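This briefing introduces a structure to a reader who has not met it before. Please look over the sequence and the model first, and then follow the points below.

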Amino acid sequence: MRILVLGGDGYLGWPTALHLSQAGHDVAVADNFVRRQYDFELGVESLVPIESLQTRVSAWREHTGKDIAVYVGDLCDHDHTLGMLRDFRPEAVVHFAEQRAAPYSMIDRKHAVYTQVNNVVGTLNLLYAIAEVDRDIHLVKLGTMGEYGTPNIDIEEGWLEIEHNGRRDRVLYPKRPGSFYHLSKVHDSHNIEFTCRIWGLRATDLNQGVVYGQQTPETALDDRLATRFDYDAVFGTVLNRFVIQAVLGHPLTVYGGGGQRRGIIDIRDTVQCVQLACENPADRGEFRVFNQMTESMSVKEIAETVARCYPGDVTIENLENPRVELEGHYYNVTHTRLLDLGLSPHLLSDTLITSLFDVAKRHAHRVKTPALQPKVNWRDHASPVQET
Ligand code: NAD
Ligand code: USQ
């Protein structure tokens, strides 16, 4: 298949592009490099050094003989987005290209507005471009488990059968997310569902849990193919942060009591799920939702697992929670549809965590320690994050 990966220079987009190329698909990547700009803004860098997109693509060609086309531009620029689809003529578009950090979206008004404009307008432009170029293009869109929040009922895969005053209907699952970033994904989901209904587009919304890990078989081929590893309190995700904190001998920063439960997924399963979604497209007019997570754990359990696996002393610190989120809540998620398509999950194991310790140890000298401390507070409307 011809598959266009938007956000192909990012943490997940790059390994996904390699995985799809390795599987025999004709792949192009697109990015505007804004993720690299957030690093400049925040004064941090990926723990693992990453090469320019051009170097990455040449290294892949050297190893495999396979070409990956590159498109540089902003999805919010509609001429660019439309031109790219007209030029590449994809059968599937995998859309990773959004501002994805909840804390970044909660810094202040400017960052909240930026996040929602970038994400919602970029996706809307893409929907219009698909409608104009070819309505059969299958959109595989990265959503997030956090769209649902933590309701006191079972979480279904996108849709809910309800009975109200004696009548039944199938409705989009009610959403109660916990940041302006997560809200941008909810707005996207509604826009995508609407275009499936009115224009007959075909779309899969992948509501993914928190990703951990840094290597896939393809990125491990060569240091030049490495993907990023974020550890700072704005972009670093919880397990990746706990790993580097353990290696540095810093306390693991559990927010609050750590009773908050999240769906999690290994990066090697992310790339597998996207491949399964592309190769088994949604029907015309179908808005399909998959909950892309393989297990759920509380933050406290994640910290205890990292502490148990580390071959040295680890302390766990319960910080006052800078976020507004429930702890000790009900959490029961249906996630069978990707398994039905053949997903064979890598569950969190001691071996994986041990190999992540090796990655973290190798690059620990690059850590900017102040960046580890959370400074963005959900209760403030302006946080002093740029002072790091
Ligand atoms: P990332 O920030 O590393 O990658 C996103 C890429 O998109 C970046 O390279 C960025 O430059 C690009 N981009 C952003 N806005 C763009 C625009 N307007 N035009 C063109 N390019 C643009 O993020 P990631 O961790 O790889 O996440 C990718 C997607 O997966 C995001 O949509 C995110 O919400 C979703 N997701 C991530 C996780 C996770 O734990 N990392 C979990 C669930 C869902
Ligand atoms: N947490 C800590 N200590 C830390 C960092 C985080 O206790 O040092 C807690 C947070 O309070 C939260 C949980 O760990 O309860 C997860 O936080 P996170 O920063 O790892 O993940 P989150 O903000 O939810 O966002 C990440 C990605 C985002 C994606 C989302 C999936 O950055 O792109 O959408 O995971 S989900 O959470 O399922 O919505």
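Which residues line the second largest cavity? In this predicted model, the lining of the second largest cavity consists of Pro103, Ala233, Val234, Tyr255, Pro322, Arg323, Pro374, Lys375, Val376 and Trp378.

**Cavities**

- The count of cavities of 30 Å³ or more comes to 3, and the second largest cavity holds about 60 Å³ of space.
- Sorted by class, the residues that line the second largest cavity comprise 8 nonpolar and 2 charged ones, with no polar residue among them.

**Surroundings of ligand 1**

- There are 28 residues around ligand 1, and those that come nearest are Asp31, Arg100, Asn118, Tyr181 and Lys185.
- The shell around ligand 1 is mixed in class, with 11 nonpolar, 9 polar and 8 charged residues.
- At least two residues of this shell are supplied by each of helix H2 (34–42), strand S5 (138–144), helix H7 (180–199) and strand S9 (210–212).

**Polar contacts and cover of ligand 1**

- A nitrogen atom of ligand 1 lies 2.9 Å from a polar side-chain atom of Asp74.
- Polar backbone atoms also take part, since one from Tyr11 is 2.9 Å from an oxygen atom of ligand 1, and one from Val211 is 3.0 Å from an oxygen atom of ligand 1.
- On its own, ligand 1 has 820 Å² of accessible area, of which the protein covers 98%.

Methods
Residues are numbered from 1 along each chain as its sequence is written. Chains are lettered from A and ligands numbered from 1 in the order in which they are written. This is a predicted model: local features need pLDDT of at least 70, side-chain atom pairs count only at pLDDT 80 or more; totals for chains, interfaces and linings use all residues. Side-chain values use heavy atoms; hydrogens and water are left out. On a 1 Å grid over the protein atoms alone, a cavity is a set of points where a 1.4 Å probe fits but cannot get out, and a pocket is an open set with protein on both sides within 12 Å along at least five of seven lines; lining residues have an atom within 4 Å of a point. Grid points are joined across faces, edges and corners, and a volume is the space filled by probe spheres set on the points. Ala, Val, Leu, Ile, Met, Phe, Trp, Tyr, Cys and Pro count as nonpolar, Asp, Glu, Lys and Arg as charged, and the others, Gly among them, as polar. A residue is near a molecule or strand if one of its heavy atoms lies within 4 Å of it. A polar contact is a pair of N or O atoms within 3.5 Å; within protein, one must be able to donate a hydrogen and the other to accept it, and residues adjacent in sequence count only if both atoms are side-chain atoms. Accessible areas come from the Shrake-Rupley method with a 1.4 Å probe; for residues, only the protein chains shown count as cover. Helices (H or I, at least four residues) and strands (E, at least two) are DSSP runs, numbered from the N terminus.
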